[in-house]
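Colleague: I would like to go through this model and hear the grounds for each label you put on it. Please show it first.

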Amino acid sequence: MSIRKRIAVTGGAGYIGSHTVVQLVEAGYDVLIIDDLSRSDQRLLDGLKNLLGITIPFRKVDCRNYNALAEIFSNNRIDAVIHFAAFKAVGESVEKPLDYYENNLFSLTSLLRCMQSHKVSKLIFSSSCTVYGEPDTVPVNEQAAIKKANSPYGATKQMCERILEDIEVLGIDVVSLRYFNPIGAHPSALIGELPLGTPNNLVPYITQTAIGLRNQLTIFGDDYPTPDGTCVRDYIHVTDLADAHVKALDFINQNLGNHIFNVGTGFGVSVKELVNQFEEVNQIKLNYKIGSRRPGDVAKVFADANLAFNVLRWKPRFTIKDALQHAWHWEKRIRSIN
Ligand code: NAD
Ligand code: WQD
């Protein structure tokens, strides 16, 4: 009988982490969640229990706390780590740069030290399309020049990627996944996106407007050099993104070194198109207006995801409409139980 591999998932109580836990369990892995609940709460952990029918082991620990992490690694066999734990709000990072540098960098270095001392040599890291800033051409591939980041948040992801490049000498093999714009929720509607406070991201703002928590959505600018004047992004269903982590684990178990993959659909969708699709698929009229541009937004960014398609053998399964329907089902369910 083969022993099931155990994956430590930092940030597993958060949006992308919780969806990845589901796909990992379904793929036959044991999972241990490490999260300090600084940007999440018990609700997604409860959702995981309902969805999976088991309680996933959970430790409430700040990844910056080396001793607490080391205790977990000493008491549990861990075969690989997926590191989601980080702060992610671009605007907040501009106001509180030190919080971002401290949390995102020190949680990574503390984790790497722990992996090194406990001889855990496989890591999947959450990177972001934000490392590209405004790319010279789209679709953007992994070879594109990395310019000065637009925000402290973006800078932390660039710096983390650099750290991961440099630790190759320690014998830790890494896959960094550069996510584009994850949206949607698990089709069961038992887990989904739960932003604390006012959402920064488009889709939770749409669903919260539709349910009446927000009065009106503002579309940030319709004078960009794009077909309808609104910004273009690569929106990827969060369950598809979660699947990419399972594929990345298969890959890193067979490959040494440091590897980087874009994770997106390869298609650009404008803000107006997304809003229209939300209205159409959910049969809802959304209250929105056109406002001014949001500082720091780039006009157009979408992925060349061929490397992930060909090397990881990963492909998205869900459409944008599926994602918008699942996001709406989740919003309705979570508000009805609150
Ligand atoms: P999230 O805020 O929902 O989840 C992050 C989780 O990490 C939260 O549960 C939080 O409590 C936890 N956490 C934060 N700092 C921690 C620490 N020091 N120790 C332990 N736990 C800590 O965010 P998400 O959308 O699930 O993002 C996950 C990862 O993906 C992040 O690294 C983020 O930067 C990256 N990412 C997200 C997006 C996106 O649009 N959501 C896009 C690209 C990359
Ligand atoms: C999408 C589009 C907005 C809200 C961010 C991070 C990026 C990555 C993904 C982490 C933009 C428009 C939004 C609203 C709007 N995250 N919008 N009204 O900015 O593409 O990417 O999340 O790594 O690093 O920057 O995502 O969802 O905020 O915006 O018109 O109320 O929706 O202008 O064009 P973004 P977003």
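Colleague: What covers the buried residues of H7?

Modeller: This is a predicted model, and what follows is computed from it. The cover over the buried residues of H7 includes strand E7 (181–183), strand E8 (217–220) and strand E10 (235–237). Helix H9 (271–282) and helix H11 (320–336) are also part of that cover.

Colleague: What makes H7 a largely enclosed helix?

Modeller: Helix H7 spans residues 202–210, and seven of its nine residues are buried, so the rest of the structure largely encloses it. Those seven are Leu202, Val203, Pro204, Ile206, Thr207, Gln208 and Thr209. To be called buried, a residue must have under 20% relative accessible area. After H7 comes glycine 212, with a positive phi near 100°.

Colleague: Why is the chain called as compact as a globular protein of its length?

Modeller: The chain has 11 helices and 13 strands. Its radius of gyration is 19 Å, and the globule rule gives 20 Å for 338 residues; the two values are close, so the chain is as compact as a globular protein of that length. Along the principal axes, the C-alpha atoms fill a box of roughly 55 × 45 × 40 Å.

Colleague: How much of the chain is buried, and what supplies the exposed area?

Modeller: Of the 338 residues, 53% are buried. The chain exposes about 14,900 Å², with carbon and sulfur atoms supplying 49% of that area. As for contacts between residues at least 6 apart in sequence, 81% join residues at least 24 apart.

Colleague: Which peptide bond is cis?

Modeller: The one joining valine 138 and proline 139, where omega is about -5°. Proline 139 sits in the loop between strand E5 (122–128) and helix H6 (152–166).

Colleague: Lysine 119 and alanine 189 both have a positive phi without being glycine. Which of the labels, buried or exposed, does each one get?

Modeller: Lysine 119 has a phi of about 55° and lies in the loop between helix H5 (97–117) and E5. Its relative accessible area is 75%, which is over the 50% cut-off, so lysine 119 is exposed. Alanine 189 has a phi near 65° and lies in the loop between E7 and H7. Its relative accessibility is 7%, under the 20% cut-off, so alanine 189 counts as buried.

Colleague: How do you know that arginine 317 and aspartate 240 form a salt bridge?

Modeller: The N to O distance between their side chains is 3.9 Å. The rule asks for a side-chain nitrogen of Lys or Arg within 4 Å of a carboxyl oxygen of Asp or Glu, so the pair of arginine 317 and aspartate 240 qualifies. It links distant parts of the chain, 77 residues apart: arginine 317 is in the loop between helix H10 (306–312) and H11, and aspartate 240 is in helix H8 (residues 238–254).

Colleague: Which partner is buried and which is exposed?

Modeller: Arginine 317 has a relative accessible area of 54%, over 50%, so it is exposed. Aspartate 240 is at 0%, under 20%, so it counts as buried.

Colleague: What makes glutamate 279 and lysine 285 a salt bridge?

Modeller: Their side chains meet at 3.3 Å, N to O, and the cut-off is within 4 Å, so this pair also meets the rule. Glutamate 279 is buried at 13% relative accessible area, whereas lysine 285 counts as exposed at 70%.

Colleague: Why is arginine 335 called partly exposed?

Modeller: Its relative accessible area is 26%, which falls between the 20% and 50% cut-offs, so arginine 335 gets the middle label. Arginine 335 forms a salt bridge with glutamate 331, the closest N and O atoms being 2.5 Å apart. Both residues lie in helix H11, four residues apart, about one turn of the helix. Glutamate 331 is buried, with a relative accessible area of 3%.

Colleague: Which residues are joined into one network, and how many salt bridges are there by this rule?

Modeller: Arg39, Glu92 and Lys96 are joined into one network by salt bridges that share partners. The count of salt bridges by this rule is 18. The chain has 36 positive and 36 negative side chains, and the centres of the two sets lie 3 Å apart.

Definitions and conventions. Residues are numbered from 1 along each chain as its sequence is written. Chains are lettered from A and ligands numbered from 1 in the order in which they are written. This is a predicted model: local features need pLDDT of at least 70, side-chain atom pairs count only at pLDDT 80 or more; totals for chains, interfaces and linings use all residues. Side-chain values use heavy atoms; hydrogens and water are left out. Helices (H or I, at least four residues) and strands (E, at least two) are DSSP runs, numbered from the N terminus. The radius of gyration is taken over C-alpha atoms; the globule rule is 2.2 Å times the number of residues to the power 0.38. Buried means under 20% relative accessible area, exposed over 50%, partly exposed in between (1.4 Å probe, protein chains only). Contact means heavy atoms within 4.5 Å. Accessible areas come from the Shrake-Rupley method with a 1.4 Å probe; for residues, only the protein chains shown count as cover. Lys and Arg count as positive and Asp and Glu as negative; His and the chain ends are not counted. The place of a charge is taken as NZ of Lys, CZ of Arg, CG of Asp or CD of Glu.
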